[in-house]
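User: I am new to this structure. Please take a close look at one part of it, the second largest pocket, and at the elements around that part.

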Amino acid sequence: MNGIWYYVFGFILVWTILALYKMYHEDSNLEMGFPIIMWRTHKFIDFIDKLAKKAPRFWKWYMNIGIVICFGAMALMTYILIISLGTVTKTPSVSILIPGVDIPGSPIFIPFLSGFIALVLLLIVHEFSHGILARVENIDVKSMGLLLFFIIPGAFVEPDEEQVLKASRISKLRILAAGSMANIVLAVIALLVFALLANCVIPTVYDQEGVEVTQIVNNAPAVGHISKGELLTGINNKTIKNSTDYVNAVHNLSPNTTVKLKTNKGNSKFKLGENPNNKSIGYMGIRCQEHFVIKENIKNTYGDILPWFWLSLEDLFKWIYIINLSVGLFNLLPMKPLDGGKMFEELLSYRLSEDNTYLITLFTSVFIAMVIIASLIIGILVGFKII
């Protein structure tokens with residue numbers, strides 16, 4: 001079953017439970033108005049206060065650097081999005097990231113558990129950072145909370161809006177940049193841990209023997225020719241030992257040609273289609289992951305179960321890196337209501353009139369939104385082979 005249905009069932013279950021709870025408990029912290037559920041709390045405000053008061057000078061200087069990094073990332077993301085217009089029908093540049101859901105046209109699939117943990121960490125560090133910088137700037141935090149928009153979870157921090165309006169421009173920029181900066185920092189930390197595990201721990205504990213087929217896309221050319229769980233060891237007479245070998249072999253495939261596969265269950269061949277994300281590359285319609293075997297000396301010392309912990313940990317940090325970096329950078333696009341759009345508006349207001357600032361911000365927001373929506377729609381249509 002497509003993972004999207006688990007989210008739909010989960011949403012219905014959560015909605016039903018909370019509706020019953022609200023019916024019998026006059027809880028003013030819980031707000032329900034389809035399709036949004038919001039839960040407010042004051043429990044973590046004291047904790048944020050303590051973190052802010054421990055090193056206010058550090059937080060300010062850290063975010064002074066963060067503002068520069070965030071504006072640089074904003075310019076880079078805007079440039080990438082604009083140049084992607086030339087290839088939007090061949091390689092869509094924007095994808096929806098939902099753990100456990102195979103989005104048509106998306107080049108990646110996020111496993112549910114690792115993706116869910118990474119998403120929770122993203123929300124926590126993002127919103128807590130906004131709250132910490134608000135308190136550093138002596139702006140009250142009225143409440144914090146969680147929300148659910150259809151099937152998409154989220155979190156929020158509510159600073160005192162009147163105090164925010166009265167704050168200096170640099171204070172506003174620090175608060176706005178804090179969330180994405182926290183995600184970028186967490187992504188860098190996760191990347192370093194992932195690199196340490198991938199280059200030091202994994203080669204010590206495991207041997208590699210090909211790549212394992214984890215998924216076959218519906219109606220893909222490979223359907224009926226290879227099965228989930230098979231160990232792919234060769235493509236067109238090229239030996240496949242790891243994911244690097246697999247990627248290199250796949251990128252050398254051409255559409256409408258015959259591919260020969262060698263697996264642990266035999267050989268097969270079939271005609272390739274066109275890759276939905278790059279029509280110049282041949283398309284099999286399978287997703288693979290590296291296949292590891294515990295080394296004998298490790299197995300003899302630690303057994304068959306305990307050593308697999310390292311692979312799970314490596315996978316978790318990989319997705320913490322990918323999700324935090326991608327969402328953190330996306331949030332810096334100069335498009336309201338994203339933090340990047342608010343930062344862009346604040347920057348323009350330094351030199352321009354209120355009317356000109358509003359018009360430029362509105363035009364930029366609408367333009368970027370149109371590019372994103374077009375890329376998403378085209379990606380899905382390509383995924384369904386409609387175009």
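Analyst: Here is the pocket, followed by the sheet and helices that surround the topic. The model is predicted.

Start with the space itself. The second largest pocket holds about 320 Å³. Its lining counts 19 residues. Nearest the centre lie Ile124, Gly145, Leu146, Gly154 and Ala155. By class, 15 lining residues are nonpolar, 3 are polar and 1 is charged.

Now the elements. Four of them each give at least two residues to the lining: strand E2 (36-41), helix H4 (112-136), strand E3 (141-149) and strand E4 (152-159). H4 supplies the largest share, with 7 residues.

Next, the sheet. E2, E3 and E4 belong to an open sheet of 4 strands, ordered E1-E2-E3-E4, with antiparallel pairing. Strand E1 (30-33) and E4 are the edge strands, and each pairs on one side only. On average, neighbouring strands of this sheet are turned by 20° against each other, direction ignored.

Look closer at E3 and E4. These two strands pair in the antiparallel sense over 8 bridges. Leucine 147 stands opposite glycine 154 in E4. Gly154 is also one of the residues nearest the pocket centre.

Then the helices. H4 lies across E3 and E4 and runs at about 10° to E4. Helix H1 (residues 4-24) lies across E1, E2 and E3, at about 120° to E1.

Last, the aromatic rings. The structure holds 10 aromatic pairs. One aromatic cluster is formed by Phe44, Phe47 and Phe128.

Definitions and conventions: Residues numbered from 1 in each chain as written. Predicted model: local features only at pLDDT ≥ 70, side-chain atom pairs only at ≥ 80, totals over all residues. Heavy atoms only, no water. Phe/Tyr/Trp six-rings, centres within 6.5 Å; stacked < 30°, edge-to-face > 60°. 1 Å grid on protein atoms, 1.4 Å probe; cavity = no way out; pocket = protein on both sides within 12 Å on 5 of 7 lines; lining within 4 Å. Points joined across faces, edges and corners; volume = space filled by probe spheres on them. Nonpolar A, V, L, I, M, F, W, Y, C, P; charged D, E, K, R; others polar. Pairing = 2+ DSSP bridges. Axes fitted to C-alpha atoms, helices over the stretch in contact; angles between N-to-C directions. Contact = heavy atoms within 4.5 Å.
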